[in-house]
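Visitor: Can you walk me through the charged pairs in this one? I'd like to keep it casual.

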Amino acid sequence: MEENGEPHLRGCAVSFAKLKALLAADLYRYAGRVDAKSFLRHYAFTPGYKYTVLMRTCGWLKRKPAKAFGLYPLSKLLLLRARYKYGFAIPEYTEIGPGLFLNRFGGFYIHGDAVLGSNVNLTHGVVLGHMNRGARRGAPVIGDRSFLGSGAKIIGGIIVGEEAAIGANAVVTKDIPNRGVAVGIPAKLVSDQGSDGYINRMVPPALLAACANAYPGQARQKMKSVAASV
C-alpha cells in the first residue's frame, strides 16, 4: 500500500449498503442495539458517534460521480464544522473497520494513512501520526479489538497487534504484539493481558459480516498481516 500523505479513497465505503452496515456496527458499540431511536439519540447527543456518521458519509460521497452533485462538498463542510466543534481530526478517507468507539471528545488526531481494525476504542487525546522518513516511515496500523488510552501517541509505521492495550499518555515507538499491554514514555511492554475488559459491546458476527469488503481492500491486506507479523 502506498502511503504519501495525500487524500485517497482507501477508507471510503464502496456502496450505500456498506455505509449503512458500518454505521450500524458503530452504533452497536454505543447503544448495544441497532434501531432508529438509538441512531437519533446518539447522533444528537454523542459527539463521537455523530462525527463518525459525518465522516463515513462524507467518505462514501467522495466516491460518487461528480462528487454527488454538490452533496460531497456540503458533507465535507459539515465534517469540518464538527471537527472544530468537537476536536476530532479524522479524515473521511481513513480506513477504519466497523465498530469504532470514540470515548469522550477533544484532541483526537488520526492521519489519513493510518489503518484501524474492527472494535477499536480510542480515548480523548489519542494521536496516530505520520512519519515522513526513516525506518518507521508511514502511519500506524492498529489491530482489531485494541484499546488506546487517553493521550496515547503512536507516530510512524508502527503496528499495534490485535487485542492490544496502550496506556494513558504512552508514546509508542516500537511494534506492539497481539495482546500486548504497553505503558510509559517510551512505551514498554508490561504484560500480555491485552484489552480484556476494555472493549465492551463488541459488534456481533452478523454485523461484522455485513461490513466485509466495505473498502477496496488495499489496506485491508496490510491488516491481515498484523497477527502474523507481531
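Guide: Sure, definition up front: a salt bridge here is a side-chain nitrogen of Lys or Arg within 4 Å of a carboxyl oxygen of Asp or Glu. This is a predicted model, where local features need pLDDT of at least 70 and side-chain atom pairs count only at pLDDT 80 or more, while totals for chains, interfaces and linings use all residues. Side-chain values use heavy atoms, leaving out hydrogens and water, and residues are numbered from 1 along each chain as its sequence is written.

Visitor: How many salt bridges does that rule give?

Guide: Nine. One of them joins Asp26 and Arg56, with 2.6 Å between the closest N and O atoms.

Visitor: Which parts does that pair tie together?

Guide: Asp26 is in helix H1 (residues 16–31) and Arg56 in helix H3 (residues 47–62), so the link spans parts 30 residues apart in sequence. Helices here are DSSP runs (H or I) of at least four residues, strands (E) are runs of at least two, and both are numbered from the N terminus.

Visitor: Is Asp26 buried or exposed?

Guide: Buried, at 0% relative accessibility. Arg56 is buried too, at 6%. The cut-offs are under 20% relative accessible area for buried, over 50% for exposed, and partly exposed in between (1.4 Å probe, protein chains only).

Visitor: New topic: what does Arg145 pair with?

Guide: Glu163, at 3.0 Å from N to O. Salt bridges with shared partners put Arg145, Glu162, Glu163, Arg179 and Asp196 in one network.

Visitor: And how accessible is Glu163?

Guide: Glu163 is partly exposed, at 23% relative accessible area.
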